[in-house]
Amino acid sequence: MKKHQYLICSLAVVTALAGCQQESEDVAEKQQAAEAASTQVDTKEVVVSKVEQEEVRKAHNPIDDHTYGNLHEVDLKHLDLDLTVDFEAKSLKGYVDLSFDRLQDEVSELILDTRDINVSKVELNQNEQWVAGEFELAEKDEVMGSKLTIQLEDGVNKVRVYYATQPQASGLQWLTPEQTDGKKHPFMYSQAQAIHARSFVPVQDSPAVRITYNATIRTPKELLAVMSAHNEPDTELDGEYHFEMPQAIPTYLIAIGVGDLKFKAMSDRTGVYAEPAILDAAVAEFDDTEDMVKVTEDLYGPYRWGRYDLLILPPAFPYGGMENPRLSFITPTVIAGDKSLVNLIAHELAHSWSGNLVTNANWHDFWLNEGFTSYVENRIMEELFGRERALMEQSLAVQDLRQAVQDLPEEYTVLNVDLKGADPDDAFSTVPYTKGQMFLVWLEEKFGREVFDAFLVKYFDHFAFQSITTEQFKAYLKENLLNKHPDIVSEEEINTWIHEPMLPEMMPNPTSDAFNIVDAKTKQLLSGEITLAELGTKEWTVHEWLHFINNLPTNMSNDDMMAMDAEFKLTESTNNEIAHAWLLLSLRSGYEVVMPRLENYLISIGRRKLIVPLYKQLMETEQGAEFAKRVYKVARPGYHPLAQATLDEVVK
Ligand code: BES
Ligand code: ZN
């Protein structure tokens, strides 16, 4: 694991922040007292004023240790971007105007985060005139990037930074035409979460910072640019695109995609952007999106972002999806032809409430984003596809979670994780997702669905467009749920869920009737009571297949694997999740028939969740390691920088 090298810097500011720490406790106390008082007299919504919110934000700055930004001195408000997309140089070039308020009387610097960015010039806006400014770009830290310090003059509230990104920018992927579906045009897209916005925009790159933005993006004429902003459905191709994002978002939600993109509407407010060849398949797969938005609104209050579109990325996208506001970025690997993997859309959409509206204030609170989202995702799935499917998805996730906590360092099994200066990407696991989700399922079971749903509606509304910490959530939960319905849940239990490692005894254990039947049949199969043909797979859903494969013993004989493959054609499965599970089982049980399929799979897909476990398994044997190294050499250039970074540590 990469350790941070900014200890010296932290030490230097510790003394300065000591006063700030005291102040922050006072502020937090004041806010709690204010909320307590107002809920006593009146159960109506407590609106945290902008000033209070700033105070709280200020107070939290010392604990966002993944930004160099001087959040406690400068309140970044708005960005104006003017960027040219240069495919030849693999670079975004241009400038950004940063508008801000000063939070203290004497602020002499604006400190920003950058990583692998060339800064050519800085200007200060003084009395509506641009004048030359002084800046210093510090040496690069592996986790944090390079601190950019800009000297401020009196009265300056806007700064312009001229810059160009470098080809290896960790938050951008530049694809050659050969790496796209159409093979004719290049493609470029960003992935800013967690701390990669700084590799393509110099900014105070913290989820505690909320900005609005406008952008002008210049591209080759035949390509379309889209952003996490308002995208006009019938935009004409002309190589110059304008965007407005009027709602304040954290910096990790700044996003851009450029390519040979076509648009197709799914409803008045939902649609798909994709390369022409997969547009229709994507629309067919995801045509429940409008219903998903409606269902979520019914459950948790209005969708507050205007349009909700999907951008289908090339298969190299390292994630399943990314919740960029108004425009979720989606892997094409979930286009299965049968809607079996559309929980991904429910998930990214759910972030429009949990994550984008109410945001984790720093990466230690990441579970507030993903735990709530996984919970909401599953509720959407239940509404649209029924309780049984929702339970199957819960059960699969919990089985993964139980496995994951066995393999993780214990400190990473805590919800409110202490990242200790580590790269947030390194601490990424299923814990904030599924342990977080199970915590909320548990609360739902304790208080009843009606009460818990009403609580969530209020929670989303109360903290709308704010970035909050776990402590703020706990205070709100105590006031609005625990105290209002006393003697149901204790604070100790809440603290166990949030601050203790591993999985608590009280964790719900979702079971599904369908899976129980699969389990019984599998047992009979393994003891020879029934044949493969008698397993009863005809009506199985993708989820039952996954449960079946994941629960087979890993010492299956080659004959048994061969027989199963002959009967069910699993090596040839076009469902990427089933193929993944089957390939993994095959590697574990030494079934080598799959190797050509595996090679093809690893070269054509860049989604980390699907490929990293396969590489890891390969590295367990000498022969496998040889295969992994050979295939990785071919596949690596096509992977995203993040996947490359992960796999460079695995395949060596
Ligand atoms: N926001 C995440 C992706 C992410 C997390 C990117 C952390 C960078 C850092 C996104 O919403 C997500 O969770 N995607 C999952 C979806 C799945 C749980 C349905 C994925 O990519 O697999
Ligand atoms: Zn998510």
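The following legends describe close-up views of a predicted model.

**View 1. A patch of negative charge on the surface, with Asp154 as one of its members.**
Asp105, Glu106, Glu134, Glu153 and Asp154 gather on the surface as a patch of negative charge. Asp154 is placed in the loop that runs between strand E7 (146–151) and strand E8 (158–165). The relative accessibility of Asp154 is 73%, and this residue therefore counts as exposed, the limit being over 50%.

**View 2. The salt bridge between Lys121 and Glu123.**
Side chains of opposite charge can pair when their charged atoms come close. The structure holds 32 salt bridges, and one of them joins the side chains of Lys121 and Glu123 at 3.7 Å, N to O. The two partners differ in their cover: Lys121 counts as partly exposed at 39% relative accessibility, whereas Glu123 is buried, with a relative accessible area of 14%.

**View 3. The salt bridge between Glu577 and Lys609.**
The side chains of Glu577 and Lys609 meet at a distance of 3.0 Å, N to O. Glu577 belongs to helix H15 (residues 576–588) and Lys609 to helix H17 (residues 608–618), so the pair ties together parts that are 32 residues apart in sequence. Glu577 has a relative accessible area of 14% and is therefore buried, the limit being under 20%. Lys609, with a relative accessible area of 46%, is partly exposed.

**View 4. The salt bridge between Glu649 and Lys652, and a network of salt bridges elsewhere.**
Glu649 and Lys652 form a salt bridge through their side chains, with 3.4 Å from N to O. Both residues, Glu649 and Lys652, are exposed. A network is formed by Arg379, Glu382, Arg387, Glu444, Arg449 and Asp453, which are joined by salt bridges that share partners.

**View 5. Helix H6 and the glycine that follows.**
Helix H6 (residues 366–385) comprises 20 residues. From its first C-alpha to its last, H6 reaches 28 Å, close to the 28 Å expected at 1.5 Å a residue. The helix is mostly covered, with 17 of its 20 residues buried. Gly386, just after H6, takes a positive phi of about 100 degrees.

**View 6. Ser557 in the loop between helices H13 and H14.**
Ser557 is found in the loop between helix H13 (542–550) and helix H14 (558–568). At 33% relative accessibility, Ser557 counts as partly exposed. Between Ser557 and Val457, which are 100 residues apart in sequence, the distance in space is 52 Å, C-alpha to C-alpha.

**View 7. Ser573 in the loop between helices H14 and H15.**
Ser573 has its place in the loop between H14 and H15. With a relative accessibility of 13%, Ser573 counts as buried. Along the chain, Ser573 and Asp80 are 493 residues apart, and their C-alpha atoms are separated by 47 Å.

**View 8. The cis peptide bond from Gln193 to Ala194.**
The peptide bond that leads from Gln193 to Ala194 is cis, and its omega is near 0 degrees. Ala194 lies in the loop between strand E10 (187–190) and strand E11 (210–218).

**View 9. Lys90, a residue with positive phi that is not a glycine.**
Phi of Lys90 is positive, at about 50 degrees, although this residue is not a glycine. Lys90 occupies the loop between strand E1 (74–86) and strand E2 (91–102). Lys90 has a relative accessibility of 34% and counts as partly exposed.

**View 10. Glu128, a residue other than glycine with positive phi.**
Glu128 has a phi near 65 degrees, a positive value in a residue other than glycine. The loop between strand E4 (117–126) and strand E5 (129–132) contains Glu128. Glu128 is exposed, with a relative accessible area of 70%.

**View 11. Asp116 in the loop between strands E3 and E4.**
Asp116 is situated in the loop between strand E3 (109–114) and E4. At 12% relative accessibility, Asp116 counts as buried. Asp116 and Thr165 are 49 residues apart along the chain, and 6.6 Å separates their C-alpha atoms.

Conventions:
Residues are numbered from 1 along each chain as its sequence is written. Chains are lettered from A and ligands numbered from 1 in the order in which they are written. This is a predicted model: local features need pLDDT of at least 70, side-chain atom pairs count only at pLDDT 80 or more; totals for chains, interfaces and linings use all residues. Side-chain values use heavy atoms; hydrogens and water are left out. Patches are made of residues with over 30% relative accessible area and no salt bridge: like charges are joined within 9 Å, nonpolar side chains (Val, Leu, Ile, Met, Phe, Trp, Tyr) within 5 Å. Accessible areas come from the Shrake-Rupley method with a 1.4 Å probe; for residues, only the protein chains shown count as cover. A salt bridge is a side-chain nitrogen of Lys or Arg within 4 Å of a carboxyl oxygen of Asp or Glu. Lys and Arg count as positive and Asp and Glu as negative; His and the chain ends are not counted. The place of a charge is taken as NZ of Lys, CZ of Arg, CG of Asp or CD of Glu. Helices (H or I, at least four residues) and strands (E, at least two) are DSSP runs, numbered from the N terminus. Buried means under 20% relative accessible area, exposed over 50%, partly exposed in between (1.4 Å probe, protein chains only). The expected span of a helix is 1.5 Å times one less than its number of residues.
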